[in-house]
Amino acid sequence: VICTLYDTKNGKIITIDVHKELCQHINEQLKSNQTETFVQHYINIYDTPVMPPSWMCTEIMYFNQLSRICMSLKSRKDLVDIANVYSLPPAQFCSWLHTINYVRNLCAHHSRLWNRDFNIVPQKLNFSKKLHWISNTKCVQSKKTYYFLCIINYILQTVSPTSNFKNRLFDLLGEYRNVVELRYMGFPTNWKEESMWKISRLPHE
C-alpha cells in the first residue's frame with residue numbers, strides 16, 4: 001500500500017510503502033516494548049499469527065501511521081464509512097488527520113504555534129449538517145491556529161461530547177490575554193458568537 005506525501009522540509013513529493021513500514025514498526029514493538037502488558041501477553045501466549053489483532057496494533061502505532069492508513073485505504077467505501085463517523089467528507093477527514101499530526105509534532109518539539117502559518121494546511125469544510133461548525137468559513141484562514149482549534153472542537157463533538165476543551169481554551173486565552181493578540185492566531189472578532197464555542201459560562205473578557 002503506497003501513500004504519497006508532501007515533505008515540508010525539502011519541498012518534495014515522497015512515496016511511502018505504508019504496509020511495509022507498519023509491519024516493521026509492529027515487529028520492532030513486539031521485540032522491544034516492555035511496558036505494554038497486552039504486548040507481552042501476546043508474545044508469551046501466541047505463536048501465530050505473527051501480527052497481533054488490529055486493536056493491539058493500533059495501540060502501539062504512531063499517530064502519523066494511523067493517518068497514513070486512512071489515506072492509503074484501497075476501498076473508497078471504507079474511507080467514506082470512517083469519515084462519516086466524524087461527519088466529514090473523506091477528503092477533509094484525511095486532510096485534517098494530516099494537519100493534526102503536523103501540529104502534534106510542532107507541540108512535541110515545543111515549536112512556536114500561536115502566530116504560525118501552517119505548512120500543512122487543512123482542507124476547508126464549508127458547512128456541516130450534523131455538528132456545530134463555523135458559520136462563515138470565508139472569514140477564517142485555514143492556515144492559522146484558530147481554524148485548527150475549530151477542527152479539534154468539531155471532532156470532539158463526536159469523540160468526547162462532554163470534553164472540557166472549550167473551558168480550558170477560554171481559561172488559557174484569558175490567562176494570556178495581555179500577551180497574545182488573538183488576531184495573529186486568525187481569530188475573527190465575532191468568534192465567541194459561533195454556536196460551536198457556546199458554553200454554559202462566558203470566557204474571560
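1. E175 is found in helix α8. In this predicted model, E175 counts as exposed because its relative accessibility is 56%, and the cut-off for that class is over 50%. E175 and R112 are 63 residues apart in sequence. In space, their C-alpha atoms are 18 Å apart.

2. The rest of α8 deserves a look alongside E175. Which residues of α8 are buried? They are F165, N167, L169, F170, L173 and G174. N167 and G174 appear in that list together with F165, L169, F170 and L173. The cover over the buried residues of α8 includes α7.

3. Now the packing of the two helices. The axes of α7 and α8 are 11 Å apart, and the helices pack at an angle of about 155 degrees. So α7 is roughly antiparallel to α8, since angles over 145 degrees fall in that class. On the α7 side, the residues that meet α8 are L149, I152, N153 and L156. Their partners in α8 are F165, K166 and L169. Of these partners, F165 and L169 are also among the buried residues of α8.

4. The largest nonpolar core has 37 residues. F93, W96, W133, Y147 and W197 touch the most other members. Two or more residues each come from α5 (76–85), α6 (90–108), α7 (145–159) and α8 (165–175). Which element gives the largest share? That is α7, with nine residues. Apart from this core lies another, of eleven residues. Its members include L30, F38, C57 and M61.

5. W96 is worth displaying with its surroundings. Setting aside neighbours within four places in sequence, W96 contacts L88, P122, Q123, L125, W133, Y147, I151, Y154 and I155. Among these, W133 and Y147 are, like W96, in the group that touches the most other members of the largest core.

6. Aromatic pairs come next. The structure holds 18 of them. One is F170 with W191, a tilted pair with 5.4 Å centre to centre and 40 degrees between the planes. This pair links distant parts of the chain. F170 is in helix α8, while W191 is in the segment after α8, 21 residues apart. Both F170 and W191 are buried.

7. W191 has a further ring partner. F187 and W191 form an edge-to-face pair, at 4.9 Å centre to centre and 80 degrees between the planes. F187 is buried, and so is W191. Ring pairs join F187 and W191 with Y146, F165, F170 and W197 into a cluster. W197 also belongs to the group that touches the most other members of the largest core.

8. On cysteines, the disulfide count is zero. Why is there no bond between C94 and C70? The closest cysteine sulfur to that of C94 is in C70, 6.0 Å away, which is too far for a bond. The cut-off is within 2.5 Å. From the other side, C70 is in no disulfide, and its nearest cysteine sulfur is that of C94. C70 counts as buried because its relative accessible area is 12%, under the 20% limit. C94 is buried too, at 10% relative accessibility.

9. N101 lies in helix α6. Is N101 buried or exposed? Its relative accessibility is 12%, so N101 counts as buried. Not counting residues up to four places away in sequence, N101 touches F63 and N64.

10. Some backbone points to check by eye. The peptide bond from T48 to P49 is cis, with omega near -10 degrees. P49 is found in the loop between α2 (37–45) and α3 (54–59).

11. Where does S87 sit? S87 is in the loop between α5 and α6. Phi of S87 is near 55 degrees, a positive value in a residue other than glycine. For H110, phi is near 55 degrees. That value is positive, and H110 is not a glycine. H110 is found in the loop between α6 and α7. H110 is exposed, with a relative accessible area of 74%.

Methods
Residues numbered from 1 in each chain as written. Predicted model: local features only at pLDDT ≥ 70, side-chain atom pairs only at ≥ 80, totals over all residues. Heavy atoms only, no water. Core = buried A, V, L, I, M, F, W, Y, C linked by side-chain atoms within 4.5 Å. Buried < 20%, exposed > 50% of the residue type's maximum accessible area, 1.4 Å probe, protein only. Helix = DSSP H or I, 4+ residues; strand = E, 2+ residues; numbered from the N terminus. Contact = heavy atoms within 4.5 Å. Phe/Tyr/Trp six-rings, centres within 6.5 Å; stacked < 30°, edge-to-face > 60°. Axes fitted to C-alpha atoms, helices over the stretch in contact; angles between N-to-C directions. Parallel < 35°, antiparallel > 145°, perpendicular 65-115°, else oblique.
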